[in-house]
Amino acid sequence: MQNCVWTHARIAPHGDPTEVIEQGAIAVRAGRIDWIGSFDDLPASFDDLPRHDTGGKWITPSLIDCHTHLVYGGNRADEFALRLAGASYEEIARQGGGIVSTVMQTRAASEDELYAQSAPRLKNLIAEGVGVIEIKSGYGLDLESERKILRVARRLGRDFPVTVYTTFLGAHALPPEYRGRADDYITLVCDTMLPVLHAEGLIDAVDVFCEDIGFTLEQSERVFARAAQLGLPVKMHAEQLSNMGGTQLAARYKALSTDHLEYLAEADVLAMKEAGTVAVLLPGAFYFLREKQLPPIDLLRKHGVPMALATDCNPGTSPATSLLLMLNMACTLFRFTAPETLRGVTLHAARALGQSAKHGALEAGRAADFAIWDVATLAELAYRLGGNPCSAVVHNGKLVNL
């Protein structure tokens, strides 16, 4: 199917339901889009290619999940149950729970075991039309375990019909063996982990969790400065629980994105606008943690900062493997419009990865990566709760069969 013409579709080529090619067609050769437009205008040079009639279904670019921690060991369902029964985070942590629990389970798992646990999560996302995903490290917190996570992420990208981008998040939390020595741990991240893993081709970008329970501005800047020396783009978990000024630091380093952003201020939004930094909003974590502080959506709109959406798939605060559910949550919790949600998982999500020249739109010359939807209107993608309206996924021109 790498050489084929997809016909009789309603195509939203830029992930914008207000921009539609009615009775559209996409001609694919060698896994790339050779032509896209109205079927009536299809050039005769494609007459020799097989046809695949969509029957009037919708086609969008493949969805992009631009913030995940998809590779990790074990789960924390029992901790969730304990929290529901009244246990505090501190009580759970004293019993060896929290992020330390996931770190210990991830360190203990072999590479093959991590792969086997992560693959079903990835399959769920692909089945919903995801063709591009970012996978962060950050649950190893030592060189060998961080390497293991990133190697599994690369392996998933080779074995499944999806494009994987890897982000090194060594500065995610303080490992137990470095308790009280955060500066020493950041030295390990900057002087050992980051350069070694970059040299091994395992890192596409670098992230930091800048927060009271994470790392300080000074420690975060050390990581950013080292990443800049290595020519790696940066992003940041910022302003989730308080406003520490992380977004403005990230903007000074021209960060691809800052993520979470519940406590973002207008000065931070202006800094993002100036730097071209994308806001990645994570309604799954907001919901799961029962947050009350909403991200300043109106300020981001006012100043024209692109807003992306992602699952934040992780075992502790967003065990989500449905990007479509995030669209609904963005509407109901954050007051997104339906068109904003679709742009948030196509065009703007590609920008958040620094990959807008490759992903997030259907154009001649790009890879033939798209999703086919059995819906009457694209608003259904954000409207539904449960069920999967994705009738087919095409990756590099091939029909995906999971």
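Which residue in β8 is the bridge partner of Ile135? The partner is Thr166, and the pairing belongs to a parallel sheet described below.

The structure is a predicted model, in which local features need pLDDT of at least 70, side-chain atom pairs count only at pLDDT 80 or more, and totals for chains, interfaces and linings use all residues. Residues are numbered from 1 along each chain as its sequence is written, and side-chain values use heavy atoms, with hydrogens and water left out.

**The sheet**

Eight-strand order is given here with helices and strands taken as DSSP runs (helices H or I, at least four residues; strands E, at least two), numbered from the N terminus. The open sheet of 8 strands follows the order β6-β7-β8-β9-β10-β11-β12-β13, and its pairing is parallel. Its edge strands, β6 (63–65) and β13 (307–309), each pair on one side only. From one strand to the next, the twist averages 25 degrees; axes are lines fitted to C-alpha atoms, for helices over the stretch in contact, and angles run from 0 to 180 degrees between N-to-C directions. Two strands count as paired if DSSP finds at least two bridges between them.

| Parallel pair | Bridges |
|---|---|
| β6 and β7 | 3 bridges |
| β7 and β8 | 5 bridges |
| β9 and β10 | 4 bridges |

Within these pairs, Leu63 has Val130 of β7 as its bridge partner, and Val206 is matched with Val234 of β10. Strand β7 (residues 130–136) is largely enclosed by the rest of the structure, because 7 of its 7 residues are buried. Buried means under 20% relative accessible area, exposed over 50%, and partly exposed in between (1.4 Å probe, protein chains only).

**Helix α9 and its neighbours**

Helix α9 (residues 266–275) has Asp268, Val269, Ala271, Met272 and Ala275 buried. Viewed down the axis of α9, these buried residues fall within an arc of 160 degrees, so they line one face of the helix; the arc is that of the directions from the helix axis to the C-beta atoms. An α-helix has 3.6 residues a turn, so residues three or four places apart point the same way. The packing partners of the buried residues of α9 are α8 (246–252), β11 (257–260), β12 (278–281) and α11. Just after α9, Gly276 adopts a positive phi of about 75 degrees.

Leu299 lies in α11 (residues 297–302). Leaving aside residues up to four places away in sequence, Leu299 touches Glu266 and Val269, where contact means heavy atoms within 4.5 Å. The C-alpha atoms of Leu299 and Ala265 are separated by 8.5 Å, although the two residues are 34 residues apart along the chain.
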